[in-house]
Amino acid sequence: MEETELITRAVDGDLDAFNQLVLQHQEVAYNVAYRIMADENAAADATQDAVISMYRKLDTYRGGSFKSWFLRIVTNACYDELRRQRRRPTIPIEPETNEGELVESPEWLEDKSAGPEDVLGTSEIENAIQHCLSGLDQKFRIVITLVDVSGEDYEAVARIIGTPIGTVKSRLARARLKMQQCLQGFRELLPDQFRHITEEHDELAS
Amino acid sequence: MNWQAEISEKDMTLLCEYLDDTLSIKDRAKFETRLQQSPELTQALEDMTALKRSMRSLPCKPVPHHFTLTRSEAEKARRGLFMLPTFGWASVVSMILLAVIFGSEFIFTNFSVPQTPAEPVAMMLPDAAPESALRQAEEESSQPVYLLNWASVGGKGGGGAGGSGLPVGGMAYGMGGGLTEIAPEDAVVAEPEQPAELTLTEPMQTGGVVEPTEVASMLSEDKITVEPLIFGVREDQLGQVITIEPVQSEISAVVAAQEVVESEKEPIIPTNVKWILAGLAAAFGLIWLLLKLKR
């Protein structure tokens, strides 16, 4: 069944048609959310929220690319999720021994997230990129994710994030510059492998 | 090569557009010429191409589960559809109403111009400003003015003084201003005096001067009967109240003016309504917030 027909039926209240649309786009949506949130659970939550929100807003869909419309809802859900995370920041707990002394680095307080050494030790380039991506400001992260990861064009990104195309261009340029600067550190550790790995990834992807 | 410091933000944007193939043919050709001339730009392009390729090559994460909705989830989503915007809008409307009420009252209280004399309230009172007029009127009404029996004709008018050495003349000059204040029933003036007063008043109104000889001739013709008075005082009615000022009509005017001013002082919207609106705005806002956070 064609997407247009599915949309029409979904707008008319057909839940099966709506679910068909979700199945078609859920992978892109989840991956965009994952790159923005840098956390699988948070990305899953944001995607689920986006799907519910899309179901509620179906009657406001006014044509155009359904994928762009869905991604707009996903990015908004990610914004909401990030805002919620900021509102409820993790409280640092400093445990004490029976004598009242502070335990400097208990096992359960260890940062399980990847450090630069671990990053290069695991799936090098992917983790390095994700590490740098997470360090970007939200607005830059979303633009570079949509253009370079999801493969959206400038116009689609402008529609998704609701800004002029000029803003998309300038944000993308700055995001790429920051990413390049961040990856420079990893490249210094692995000077020859960086491009080699990307070439391998290209071959795998093709 | 460290090209970051060498390349401007504009060039960086152009570089990205070149990389993403969004430049026009003309701009593309121009940029390619610049690329050939600038090793920094060439190096930047290489780095950016590598970055883009590596970003594109990121593996696609498989979804942890399907994000489709069940019937119950869909129903639940539909149920909450109207609640959030309804309470949100209700709160906003209440707040706007409240702001309009307070704003308008603030403006009327602080920036309203005084009423012009042409307005009805101002016309009833001697002064233009209702407040000052009311105050004056209140003071006057709290201290009633007793007009004692002070001659029917010569007493009240200033003209009495004008008739130097001639009592009759004094009477004649005093009549123009004196008689209007005396109520007919309280007037001590004898009945036959009325036509005489009228007769004598006319020349005064037209600006003419009544000569003492003329008055004397009128008296001699018995047009009016005037009892002999010592400086205009009637001995038999001494101490009697002739009239009280302000008269009833003036008091009623003052009361009316007072009512108008009091009504002006009263707020346009009763305080109860304001409290109800504020309460509603707060309640709707809280419900909206709770629903939003719950979502």
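These are my notebook entries on a predicted model with chains A and B, covering helix packing, the nonpolar cores, the contact of the two chains and two single residues.

**Entry 1: chain A as a whole**

I began with the secondary structure of chain A, which comes to 10 helices and zero strands, so I did not look for sheets there. Read along the sequence, the pattern of chain A is accordingly α-α-α-α-α-α-α-α-α-α. I then looked up burial and found that, of the 206 residues in chain A, 34% are buried. For the spread of contacts along the sequence, I took those in chain A between residues at least 6 apart, and noted that 62% of them join residues at least 24 apart.

**Entry 2: α2(A) against α4(A)**

Next I looked at how α2(A) packs on helix α4 of chain A, residues 66-87, and recorded an angle of about 40° with the axes 10 Å apart. That angle makes α2(A) oblique to α4(A), and the crossing in which α2(A) passes α4(A) is right-handed. On the α2(A) side I listed the residues that meet α4(A), among them Leu21(A), His25(A), Val28(A), Ala29(A), Val32(A) and Ala33(A). On the α4(A) side the partners include Phe66(A), Lys67(A), Phe70(A), Leu71(A) and Val74(A). Sorted by class, this contact of α2(A) with α4(A) holds 12 nonpolar residues, one polar residue and two charged residues.

**Entry 3: α3(A) against α4(A)**

I turned to α3(A), whose axis comes within 8 Å of that of α4(A), the two crossing at roughly 125°. Here too the angle makes the helix pair oblique, α3(A) to α4(A), and the crossing is right-handed. From α3(A) I noted Ala42(A), Asp45(A), Ala46(A), Thr47(A) and Ala50(A) among the residues in this contact, and from α4(A) I noted residues including Ile73(A), Val74(A), Ala77(A) and Glu81(A). The contact of α3(A) with α4(A) divides into nine nonpolar, two polar and three charged residues.

**Entry 4: the nonpolar cores**

Which residues have the most contacts inside the largest nonpolar core? I found Ala33(A), Val74(A) and Val143(A), in a core of 61 residues. The element that gives the most to this core is α2(A), with 10 residues. I followed Val74(A) further and, leaving aside its neighbours within four places in sequence, found it in contact with Ala29(A), Val32(A), Ala33(A), Ala46(A), Thr47(A) and Ala50(A). Of these partners, I had already met Ala29(A), Val32(A) and Ala33(A) in α2(A), and Ala46(A), Thr47(A) and Ala50(A) in α3(A). A second core, separate and of six residues, includes Leu98(B), Ala281(B), Phe284(B) and Trp288(B).

**Entry 5: where chain A touches chain B**

I looked up the contact of the chains, which takes 38 residues from chain A and 31 residues from chain B. On the side of chain A that touches chain B, the elements giving two or more residues are α2, α3, α6, α7, α9 and α10 of chain A. The largest share of that side, 10 residues, comes from α9(A). By class, the side of chain A that touches chain B has 19 nonpolar, 10 polar and nine charged residues.

**Entry 6: Cys16(B)**

I chose Cys16(B) as a residue to follow on the chain B side, and placed it in helix α1 of chain B, residues 9-19. Is Cys16(B) buried or exposed? Cys16(B) has 25 C-beta neighbours inside 10 Å and therefore counts as buried. The buried residues of α1(B) are Met12(B), Leu14(B), Leu15(B) and Cys16(B). Leaving aside its neighbours within four places in sequence, I found Cys16(B) in contact with Lys169(A), Leu172(A), Ala173(A) and Arg176(A) from chain A, and with Met48(B) from chain B. Met48(B) lies 32 residues from Cys16(B) along the chain, and their C-alpha atoms are separated by 7.8 Å. After α1(B) I noted Asp21(B), whose phi is positive, near 60°.

**Entry 7: Ala158(A)**

My last residue was Ala158(A), in helix α8 of chain A, residues 154-161. Ala158(A) counts as buried because it has 20 C-beta neighbours inside 10 Å, and the cut-off for that class is 20 or more. Its contacts, leaving aside neighbours within four places in sequence, are Thr163(A), Pro164(A), Ile165(A) and Val168(A). I also recorded the separation of the C-alpha atoms of Ala158(A) and Lys169(A), 11 residues apart along the chain, as 9.3 Å.

How values were computed:
Residues numbered from 1 in each chain as written. Chains lettered and ligands numbered in written order. Predicted model: local features only at pLDDT ≥ 70, side-chain atom pairs only at ≥ 80, totals over all residues. Helix = DSSP H or I, 4+ residues; strand = E, 2+ residues; numbered from the N terminus. Buried ≥ 20, exposed ≤ 12 C-beta atoms within 10 Å, placed from the backbone. Contact = placed C-beta atoms within 7 Å. Nonpolar A, V, L, I, M, F, W, Y, C, P; charged D, E, K, R; others polar. Core = buried A, V, L, I, M, F, W, Y, C linked by C-beta atoms within 7 Å. Axes fitted to C-alpha atoms, helices over the stretch in contact; angles between N-to-C directions. Parallel < 35°, antiparallel > 145°, perpendicular 65-115°, else oblique. Left-handed = near helix turned anticlockwise from the far one by under 90°.
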